[in-house]
Amino acid sequence: MRSTITQASSQNAIGRSGINALDLRGLGTNRTLVLVDGRRIITSTPGINRPDVNNIPSNLLDRIDIVTGGNSAIYGSDAVAGVVNFVLKQNFEGLRIRGQSGISSRGDRGSYAASITGGHNFADGRGNFSFSGEFTRQDTLSNTDRDGQTGAFSGRSGFNATENTGANLNPNAGPLHGVEPSTGNGVSDTTFLTGLKNNNISEGGLFTASCPVAAATGESAAAFANRRAVACSGLANFDSANPLSQFGTTYVFNPDGSLTPNNCIIDLRAFGSSNCVGGRGSTLRLTGYLEPGITRKAFNFMAHFEVSPALVPYFSAQFVRVNANQEGQPTFFNNTFRLDNPFLTTQARSTLTSVLAPGATTFTAQRFNIDFGGRGEDHRRDNYSAVAGVKGTFFDGWKYDASASYGHLYTFYQTAGNINRARYANSIDATRNTAGNIVCRINADASTTNDDPSCVPVNLFGDGQVSKAAIGYFGYTSQRTQKADLYDGSAYISGDLSHLFKLPGGPVAFVIGGEIRRETAFAAYDPFTVAGGTFLNSIPEFRPPALVVKEAFGEISIPLLNMPFAHELTIDGAGRVSNYNIGKTGTVYTYNVNGIYSPVRDVKFRVGYARAVRAPTQSDLYAPQSQTFLNGLVDPCGQQNINNNPNRVKNCAAAGVPTTQTFNGTTEPFSNRPASGISGFNGSNPALNAETSNSLTAGAVFQPHFIPRLALSVDYYRIEVKNVIFSLAAQTIINQCYDNPSGIANPFCGAVYRNANGTFVGQSDVSHGGTTVSLTPTGASFISGPFNFAKQITSGIDTDVSYRHSFSAGTSISLRGIVTHTFIRNNFTDVTDPTFAQRQLSVLGDPEWQGQLSANIIHGAFNFGYRMRYIGKQLVSANYDTQNPFQGRPATNPDAFRFLYYSPVTYHDFRVDITTAKKNFNFYIGVDNAFDKLPPYDLQGTEGGNPFSPVGRFFYAGVEVKF
């Protein structure tokens, strides 16, 4: 499992806080199929395959089956990396009550859980009903709770540029550690620093003086020299002879409204950074969470009754409500103010006047608006599901099962800390009216057409100056509603052909069945947010067509031999045909072939090969598209570009693009380089096809009879996913349309739109013969989104060893160790070079080695448990080839960081259970992360893929009573 979307990292995207999603083999959560009792469950995000495992009824959980490698033939689409099947208890008997509480060693992140589970067998065991009710709560852990980790008050820790590397601002500044600037000179470009704060924004507002290089009109030499000395003194190594070193002094508005220079200890702007060590800039972490708060309430009911062996009706229903919060950064603006703003103190106005050019009437200050409140999210996710079916046995051992299931997701969240942009613009422009009162300028000017009597002027000069009345005027709470429905009907018959014949290894077994499912999705923000009136982006409504999938499947197991030196020789096969009603997937076929050979009872060898698919989701195909622009277009069909690729001439001609016009004194098409860019859309692609994967697994199981209760399994896997859906930039899409050797009947040309005269459809204006010709946009010139072209490959070995032994006097021991060594995890996302790989292995979240050791010693009433988790080293750099050669290519920046890796980490957990002789009462106490390992260096534990927990040492205790 990869830590792709955990409770901590779920905050990294809008609207998904508190979701826990599973990712097998690091191939993506959308390529891992999650089931309950072999059935699909409703997603947590409409339009995307992403079930939330928070919805699993943990107290009725019997076991978890994990099958890696392609399994679409058995389970359907999305099982590219494998399947995780949560199997529930079917015959729970009795009553169990449990309560637990825990807290971190720092006294925060309180966690609480309570549950009741009951069940009863009746009618001589032919019937059973069971229920469970669960409540869990985990308190919010905010950045400000852990200044030592986050630097919320004292300043962040991080790797910061400290050497000029070619994109430098001051060639003469040199590196912080005293070596002349050069990339690849053996001196790291970055240094791990503490106490980092931004030098371009602050909570009270930060003003950066413009360092002048020339006197303003009418300014005397003496006045200019004085202004230059004040404005340009912000950089310690100021060099008056080098304009590149002349960074303006930064000033911070204090809570009392005064404006004073930012007292950085080390100003890092010379190295292309916006940070400094020390100072009074923003840490950017006075809002935000390390872990979101989450409350979960779950109710589950299950029942079945055997009317006869051939007729067993069953039913289950579930309701789960999850409330989660999230807090990100507040709004932030580079506000422009007038110098006559009445909220400015005399001191601040005087300081501004001393550094602004003579006659200046405005200035800008960048502000991190924590006194508006962080942009928080309060989520409510309601999950309803029900299954009804009938099963039974007939024909002397054959079985059947037919069921219908329904799942419904409803989510609602509100975003606090947001603003109404128009009202905010009114509020920050303050002045005094004729009575001397501070008012909004729109209410004090001569015009009455734009007045807003409710406008409240706001003081943004200093943290904490903002009034509640002002926030009440321009503050806005956005809302979003989501819905998703899953209708699934399935039926199968299983049995064997023993009535007809038997092979030496036994009878041939089979399964045949069919499934039909329908999925709907919906998501919409409130109309004001959709219209772009807030700080959030404009996000259109998401209402895709329903996804309908019809499938038929079959499985067969052929036991060929059971004899000396062939204790077992079995071949298994499975196949599935699926038809999708949306997108270009249509009808697809998947299959599995597996073999098992056991020469003796102690050893078993297994091998399998599978073809799997992932059909594009509703989000892939129909996600709302937002408008974007491509400026600086380089038209492949332009006369100056058309010969840069051997396929362009014929493809441009086939597309009907004229290439002989003369504009601006050059021969180029009318469409070349529009003055203000061409418009298009970012989003989905309705022409997507299914991804396909081939997976190979091979392994062995050893259970030697001479060491009872010892089991060892070793398995190799290799998964290759083709036609991976991956997004491209607009210019790349346009180039690929005309550079494609197969002609213009390619998916890239399907996303490029031109008029008959060669102009782009969404072109707003062009330069034509030296004259700008305005055109009325008639649509999009391109769709910048996902295409089927990328590839993923991963391979590795899993090793699993377990041993159990009983001693005298009621003492026993059990041990289990699991080790995974990943060989390859490569992504091929360069559309121009399919052989160009990017190595994902070894970057954060993808160590080469991972392992887990668990041990339990039981003695009488006591059960002593221990678990150790090992996470191998991971790169500091986000890209492997930054400091490592790969595919024969040299490292792109071999001295980017002083060291390559975050060191390996081990976590140690301990627990003690005390159980009465009758097994009806259990008290337990434990500690997770006993040695208090926190994320290393600059990591917080909230980053996507980050496997390190930000909580640290955590104590818990609980009690369980059974009746």
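The questions and answers below concern a predicted model and ask how some of its structural labels are earned.

Q: Why is Asp382 called buried or exposed?
A: The relative accessible area of Asp382 is 2%, and because buried means under 20%, Asp382 is classed as buried.

Q: What makes the contact of Asp382 with Arg321 a salt bridge?
A: The side chains of Asp382 and Arg321 meet with a nitrogen-to-oxygen distance of 2.7 Å, and since the rule asks for a Lys or Arg side-chain nitrogen within 4 Å of an Asp or Glu carboxyl oxygen, the pair qualifies as a salt bridge. Asp382 lies in strand β21 (residues 376–394) and Arg321 in strand β18 (residues 312–327), so the pair ties together parts that are 61 residues apart in sequence. Arg321 has a relative accessible area of 26% and is partly exposed. By this rule the count of salt bridges comes to 40.

Q: How do you know that Arg576 and Glu515 form a salt bridge, and where do the two residues lie?
A: The closest N and O atoms of Arg576 and Glu515 are 3.5 Å apart, which is to be set against a limit of 4 Å, and the pair therefore counts as a salt bridge. Arg576 belongs to strand β28 (residues 566–580) and Glu515 to strand β26, so parts that are 61 residues apart in sequence are tied together.

Q: Why are Arg576 and Glu515 classed as they are, buried or exposed?
A: Arg576 has a relative accessibility of 4% and Glu515 one of 12%; because the class of buried residues is defined by values under 20%, Arg576 counts as buried, and Glu515 counts as buried too.

Q: What makes Glu720 and Lys791 a salt bridge, and how is each residue classed?
A: The N to O distance between the side chains of Glu720 and Lys791 is 3.8 Å, and as the cut-off is 4 Å, the pair is accepted as a salt bridge. Glu720 lies in strand β36 (residues 710–727) and Lys791 in strand β40, so the pair ties together parts that are 71 residues apart in sequence. Glu720, at 14% relative accessibility, counts as buried, whereas Lys791, at 24%, counts as partly exposed.

Q: Which residues are joined into one network by salt bridges that share partners?
A: The network is made of Glu515, Arg517, Glu519, Glu551 and Arg576.

Q: Why are β22 and β25 said to pair, and in which sense?
A: Strand β22 (residues 398–419) and strand β25 (residues 475–496) are joined over 19 bridges in the antiparallel sense, and because pairing requires at least two bridges, the two strands are said to pair. Within this pairing, Ala404 stands opposite Gly489 in β25. β25 is also joined to strand β26 (residues 509–525) by 17 antiparallel bridges, with Arg518 in β26 as the bridge partner of Tyr487.

Q: How do you know that β41 and β42 pair?
A: β41 and strand β42 (residues 838–839) share 2 bridges in the antiparallel sense, and since at least two are needed, the criterion is met. Asn826 has Arg839 in β42 as its bridge partner. In addition, 16 antiparallel bridges join strand β40 (residues 786–806) to β41 (residues 811–828), and 11 join β41 to strand β43 (residues 849–859), again antiparallel.

Q: Why are β31 and β39 described as standing at the edges of their sheet?
A: The sheet is open and is formed by 3 strands in the order β31-β34-β39, with mixed pairing. β31 (626–630) and β39 (783–784) each have a single partner strand, so one side of each is left without a neighbour in the sheet. β34 (residues 678–682) is joined to β39 by 2 bridges, and these strands run parallel; the bridge partner of Phe681 in β39 is Ile783.

Q: What makes Ile97 eligible for the nonpolar surface patch?
A: Ile97 is partly exposed, with a relative accessible area of 36%, and because patch residues need over 30%, Ile97 passes that cut-off. Ile97 lies in strand β5 (residues 94–104), and the patch of about 700 Å² has further members including Ile116, Phe122 and Phe963.

Methods:
Residues are numbered from 1 along each chain as its sequence is written. This is a predicted model: local features need pLDDT of at least 70, side-chain atom pairs count only at pLDDT 80 or more; totals for chains, interfaces and linings use all residues. Side-chain values use heavy atoms; hydrogens and water are left out. Helices (H or I, at least four residues) and strands (E, at least two) are DSSP runs, numbered from the N terminus. Patches are made of residues with over 30% relative accessible area and no salt bridge: like charges are joined within 9 Å, nonpolar side chains (Val, Leu, Ile, Met, Phe, Trp, Tyr) within 5 Å. Accessible areas come from the Shrake-Rupley method with a 1.4 Å probe; for residues, only the protein chains shown count as cover. Buried means under 20% relative accessible area, exposed over 50%, partly exposed in between (1.4 Å probe, protein chains only).
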